[in-house]
Amino acid sequence: APATLYPRLLLLLDAGARASVIESHSGAGAYLANAVCEIRLGDAAELTHLRIQQDSADSVHIAQASLTLGAHAAYHARVFSLGEGMARYEISARLLGEGASLDLAAASLGYGRGHFDVTSVIEHAVRGPRSRQLVKCVLGGRGRGVYQGKVRVARGAVATDAHQLSRALLLSPTAEANLKPELEIFADDVKCGHGATVGELDGEALFYLRSRGIPLQAARRLLIQAFVGEVLDRVADEGLRAYASRAVDAALAKL
């Protein structure tokens with residue numbers, strides 16, 4: 001029967017603590033999942049957060065992550081949206097300590113009528129924080145991908161280093177991608193940049209693979225795997241990377 005779910009995850013790391021966490025969402029049937037994750041990292045704490053969403057075609061998945069980082073704290077987020085329904089992941093982070101760093105790498109694989117939305121607001125509040133955002137979408141059928149990313153550099157947050165890159169790969173003429181990286185800077189002496197691209201599979205690369213005897217579907221799969229592989233490669237832990245790779249391969253088989 002249709003259901004509504006409200007999972008909540010609270011992660012508190014004291015100064016100097018380190019942890020790796022897997023957050024996994026999956027289901028069948030019609031339901032609404034409204035998930036909240038709150039993260040507080042003390043000074044020099046480090047968290048690796050692997051999040052995999054594999055919800056059903058009749059589902060709506062809305063998730064929000066709220067973070068604060070102390071001095072020299074590090075947050076590594078690896079987010080994979082692999083479901084078939086409508087999904088939105090929103091991350092709001094405040095880098096409150098000098099030398100804090102945030103690294104977000106996300107991949108969405110959409111097919112059928114799936115809709116995937118990644119929204120981020122990263123606030124650099126003090127001197128010397130660092131943030132990196134890499135968001136990739138692979139969309140087939142009538143799939144739709146959205147990335148809305150904002151980096152806000154507060155007054156006095158000099159020596160900020162922030163970069164955003166979003167890329168979408170469209171596999172059908174009815175797939176759609178909307179990418180909007182954004183910078184809001186109120187300080188001098190900063191290094192900030194962003195970029196966004198939308199395209200299709202490289203015809204020359206596809207021809208090269210086929211000329212070596214690789215069937216069309218296998219060649220397409222190899223190119224898509226290489227595109228998504230940049231996000232998988234950022235999962236440093238081998239066990240976590242293998243876990244994520246299995247989920248990605250299962251989703252790729254449906255494209």
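## Ala 44, a partly exposed loop residue

Let's start with Ala 44, which is partly exposed in this predicted model. Its relative accessible area is 45%, and partly exposed covers the range between buried, under 20%, and exposed, over 50%. You'll find Ala 44 in the loop between β4 (31-41) and β5 (46-54).

The backbone here is worth a look too. Most residues other than glycine have a negative phi. Ala 44 isn't a glycine, yet its phi is positive, near 60 degrees.

## Ala 159, another positive phi

Further along the chain, Ala 159 also isn't a glycine, and it has a positive phi of about 65 degrees. Look for Ala 159 in the loop between β12 (144-153) and β13 (161-170). Its relative accessibility is 34%, so Ala 159 counts as partly exposed.

## The cavity and its lining

Now for the empty space inside. The model has one cavity of 30 Å³ or more, and the largest cavity holds about 40 Å³ of space.

Which residues line the largest cavity? They are Arg 51, Gln 53, His 61, Ala 63, Ser 81, Ala 87, Arg 88, Tyr 89 and Asp 117. By class, that lining splits into three nonpolar, three polar and three charged residues.

As for strands, β5, β6 (59-69) and β8 (86-95) each supply at least two lining residues. β8 gives the most, with three residues.

Definitions and conventions
Residues are numbered from 1 along each chain as its sequence is written. This is a predicted model: local features need pLDDT of at least 70, side-chain atom pairs count only at pLDDT 80 or more; totals for chains, interfaces and linings use all residues. Side-chain values use heavy atoms; hydrogens and water are left out. Helices (H or I, at least four residues) and strands (E, at least two) are DSSP runs, numbered from the N terminus. Buried means under 20% relative accessible area, exposed over 50%, partly exposed in between (1.4 Å probe, protein chains only). On a 1 Å grid over the protein atoms alone, a cavity is a set of points where a 1.4 Å probe fits but cannot get out, and a pocket is an open set with protein on both sides within 12 Å along at least five of seven lines; lining residues have an atom within 4 Å of a point. Grid points are joined across faces, edges and corners, and a volume is the space filled by probe spheres set on the points. Ala, Val, Leu, Ile, Met, Phe, Trp, Tyr, Cys and Pro count as nonpolar, Asp, Glu, Lys and Arg as charged, and the others, Gly among them, as polar.
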